[in-house]
Amino acid sequence: MRIDVLTLFPGLFPGPLGESVIGRALERGLLELEAVDLRDYAVDARGTVDDKPYGGGPGMLMMADPVVRAVEAVRRPGSMVVLTSPRGEVFSQRLARELAGCGHLVLITGHYEGVDQRAIDLAVDREISLGDFVLSCGVLPAMAVIDAVARLLPGVLGDDASSEEESHSAGLLEYPQYTRPPEYRGRRVPEVLLSGDHGRIAVFRQREMERLTRERRPELWEKFLMQTKRSLTK
């Protein structure tokens, strides 16, 4: 998979993405990551990419032309172009899996007060938000999207089954996990996990996933119940 990030801060990449799991994926060629400086597509010598918004208002707005021309320079058949934006659809594990199926992902990191709507209309396939809060720029959301997507690529995690049992993969939060020693400061690992009975362990984990989701994320729990009901009535 190849990911091009169109940004005003290309020096921030790969940043933390150059370490650990994603860093190894880059080294092994499972993922290509390129940061493209949007200022390279400005039309003046100063590299101007922003201007005051029509109609007034605070701050500056990213101009349409540098963004559109940068997208046109990297886009190819089958590319998915995504703008990180607080007004986009909320990023989720489902969406991460969808994007992981793209051969080429282009991420535009928003800056200032946003992007000229004409650039969005002409060059963007979808807008994505990390949640209902505002950051100073779109670099961190882009990194989060890259990390979530890249770890779903075949071979990146080493054991591809790892991503199937994580929180949100099945619409539920992940079950509690334990490792050695079997007892620590008076707290013991649940006996069922030491039993070697994989059937009982699977039941225990499923129950814990449901309990945690019901207690901590009631909106996810309701969604899970609705999806389960629909699948049973098909």
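**Exercise 1. Count the helices and strands of the protein, then describe its overall extent.**

Start with the count: the protein has 7 helices and 9 strands. Both are DSSP runs numbered from the N terminus, with helices being H or I over at least four residues and strands being E over at least two. This is a predicted model, where local features need pLDDT of at least 70, side-chain atom pairs count only at pLDDT 80 or more, and totals for chains, interfaces and linings use all residues. Residues are numbered from 1 along each chain as its sequence is written, and side-chain values use heavy atoms, with hydrogens and water left out.

Next, the box: along the principal axes, the C-alpha atoms fill roughly 70 × 40 × 40 Å.

Then look at burial: 40% of the 234 residues count as buried. Buried means under 20% relative accessible area, exposed over 50%, and partly exposed in between (1.4 Å probe, protein chains only).

**Exercise 2. Work out which strands pair with β1.**

Step one: find β1 at residues 2–7, where 5 of the 6 residues are buried.

Step two: go to β2 (residues 32–37), which runs parallel to β1 and is joined to it by 6 bridges. Two strands pair if DSSP finds at least two bridges between them. Here R2 stands opposite E32.

Step three: turn to β6 (residues 104–109), which pairs with β1 in the parallel sense over 5 bridges. V5 has L107 as its bridge partner in β6.

Step four: trace the path from β1 through helix α1 (residues 20–28) to β2, and you have a right-handed β-α-β unit. Right-handed means that, with the strands pointing away from you, the path from the first strand over the helix to the second runs clockwise. On the way, the loop between β1 and α1 holds G18, which is partly exposed at 29% relative accessible area.

**Exercise 3. Give the strand order of the open sheet and say which strands stand at its edges.**

Write down the order: the 5 strands run β2-β1-β6-β5-β7, with parallel pairing.

Now check the ends: β2 and β7 (126–129) each have a single partner strand, so one side of each lacks a neighbour in the sheet. On average, neighbouring strands are turned by 30 degrees against each other, direction ignored.

Finally, add helix α3 (residues 93–100): it packs on the sheet, touching β5 (80–90), β6 and β7, and its direction makes about 170 degrees with that of β5. Axes are lines fitted to C-alpha atoms, for helices over the stretch in contact, and angles run from 0 to 180 degrees between N-to-C directions.

**Exercise 4. Find the buried residues of α7 and what they pack against.**

First, locate α7 at residues 218–233. Its buried residues include L220, W221 and F224. Seen down the axis, the buried residues fall within an arc of 100 degrees, so they line one face of the helix. That arc is taken from the directions from the helix axis to the C-beta atoms.

Next, see what they meet: they pack against α6 (198–216), where contact means heavy atoms within 4.5 Å.

Last, flip the helix over: the face turned away from the buried side carries the exposed residues K229 and T233.

Terms used
The expected span of a helix is 1.5 Å times one less than its number of residues.
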